[in-house]
Amino acid sequence: MLTLAIRNLFLENTTINMTDQRHRLKLNIKHGSVRYSIILELPSNSYEVLKVQHLMDKMVEMFGIPLECQKIVHKGKTLKDPGDILSEIGVRDGATIMLLGKKPDPIEDKEMKKLSDIEKDVEKNEKRLSDITYELDGIHRGYINDDLKLPALNQLKKKLGGTSEVFMKQLLSLDALSFEESNKGGRGKRKTIVNRIQVLLDRCDGLMSGLNDQIAREQEQS
C-alpha cells in the first residue's frame, strides 16, 4: 500500500510538472558562442499553451532577428511549425535551444522594404488586369453597341499592353535586388513574387491573343 501511494504521488507530481511546463519553461539559448538562460512564460490568466511561435517571438525580442531569418534547433531538429506545442515536441524545462540567423544589416532592410513595395505594386497591377478582363467579358456579352466595340477593343488592347509592360519592369526591379545567401526569407519571397508575375504575364499574353483575334473580326465586319 505504501509503495502504491508513493507511486501515485510521483505520477501526480509528474502530471502537475508537465502541466506547468505547458505555460512556463526555463530554457538555455545558444546563439553563436554565447549561452543565455531565459524564462519563456505565458500570463497567468492565459488559456494558451507555449508553442514554437512564442519561442520565435522571444527570439525576435531578444536578438532582433526577424522570423524569416531564424532557424531554431532542438536536439538536431529544426522547429519549423509555429503552431507546434513545445511540450509535445519534447522541449522540456532546462532544454538547450540553438538559434541560427542574424539581424539583417541596414542595406538588407532597405532591400526588404523595396521588395515589399514591389509586392504592393504587383497587387495594384493585378487589379488593373482583372478590370481589363471584366471589361472584355462585358464586350463579349454584348453590353455595348456594335459600333462601339472596335474602339473599346482597341482601348483595352492599349491598357493591356501597358499592364504587361509594368509587369516586365517589376521583374527587372526584382532582379536588381540583392540578398545575402543567409536571407532565405527575402530570397524566397522574391522568387514567389517572380513566379506570380510570370503567371500574370501568361494571362496577359492569352488576353492579348484573344483581343487581336476579336479586333481582326470586327475590322472585317466593318
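In the predicted model, Asp131 is classed as partly exposed because its relative accessibility is 34%, a value that lies between the 20% limit for buried residues and the 50% limit for exposed ones. The side chain of Asp131 meets that of Lys127 in a salt bridge, with an N to O distance of 3.1 Å. Both residues belong to helix α3 and are separated by four residues, about one turn of the helix. An α-helix has 3.6 residues a turn, so residues three or four places apart point the same way.

A further salt bridge within helix α3 is formed by Glu111 and Lys114, whose closest N and O atoms are 3.3 Å apart. Here the spacing is three residues, again about one turn of the helix. The two partners fall into separate accessibility classes: Glu111 counts as buried because its relative accessibility is 9%, whereas Lys114, with a relative accessible area of 44%, is partly exposed.

Helix α3 is also tied to helix α5 (residues 184-221) by a salt bridge. The side chains of Glu119 and Lys189 meet at 3.2 Å, N to O. This pair links distant parts of the chain, as Glu119 lies in α3 and Lys189 in α5, 70 residues apart. Glu119 is partly exposed at 22% relative accessibility, and Lys189 is likewise partly exposed at 30%. In total, the structure holds 11 salt bridges.

Helix α4 comprises 31 residues, from 146 to 176. At 1.5 Å a residue, α4 should span 45 Å, and the 46 Å between its end C-alpha atoms agrees with this expectation. The buried residues of α4 include Leu153, Leu156, Leu160, Phe167, Leu171 and Leu174. Lys149, Thr163, Ser164 and Gln170 are also among the buried residues of this helix.

The strands of the model form an open sheet of five members with mixed pairing, in the order β2-β1-β5-β3-β4. Strands β2 (34-41) and β4 (77-78) occupy the edges; each has a single partner strand, so one side of each is left without a neighbour in the sheet. Strands β1 and β5 run parallel and are joined by four bridges, with His31 having Leu99 of β5 as its bridge partner. Strand β5 pairs with β3 in the antiparallel sense over three bridges, and Leu99 stands opposite Ile72 in this pairing. Strand β3 (residues 71-74) in turn pairs with β4, also in the antiparallel sense, over two bridges; in this pairing, Val73 is placed opposite Thr78.

Helix α2 (residues 52-63) lies across β1 (24-31), β2, β3 and β5 (96-100), and runs at about 125° to β2. In β5, Ile97 and Leu99 make up a covered face, while Thr96, Met98 and Leu100 make up an uncovered one. In a regular strand the side chains alternate between the two faces of the sheet.

The loop between β5 and α3 (106-140) contains Lys103. This residue counts as exposed because its relative accessibility is 55%, which is over the 50% cut-off. Lys103 nevertheless has contacts with residues elsewhere in the sequence: beyond those up to four places away, it touches Phe63, Gly64 and Ile65. The C-alpha atoms of Lys103 and Ile65 are 4.5 Å apart in space, although the two residues are 38 residues apart in sequence.

Technical notes. Residues numbered from 1 in each chain as written. Predicted model: local features only at pLDDT ≥ 70, side-chain atom pairs only at ≥ 80, totals over all residues. Heavy atoms only, no water. Expected span 1.5 Å × (residues − 1). Buried < 20%, exposed > 50% of the residue type's maximum accessible area, 1.4 Å probe, protein only. Pairing = 2+ DSSP bridges. Contact = heavy atoms within 4.5 Å. Axes fitted to C-alpha atoms, helices over the stretch in contact; angles between N-to-C directions. Salt bridge = Lys/Arg side-chain N within 4 Å of Asp/Glu carboxyl O.
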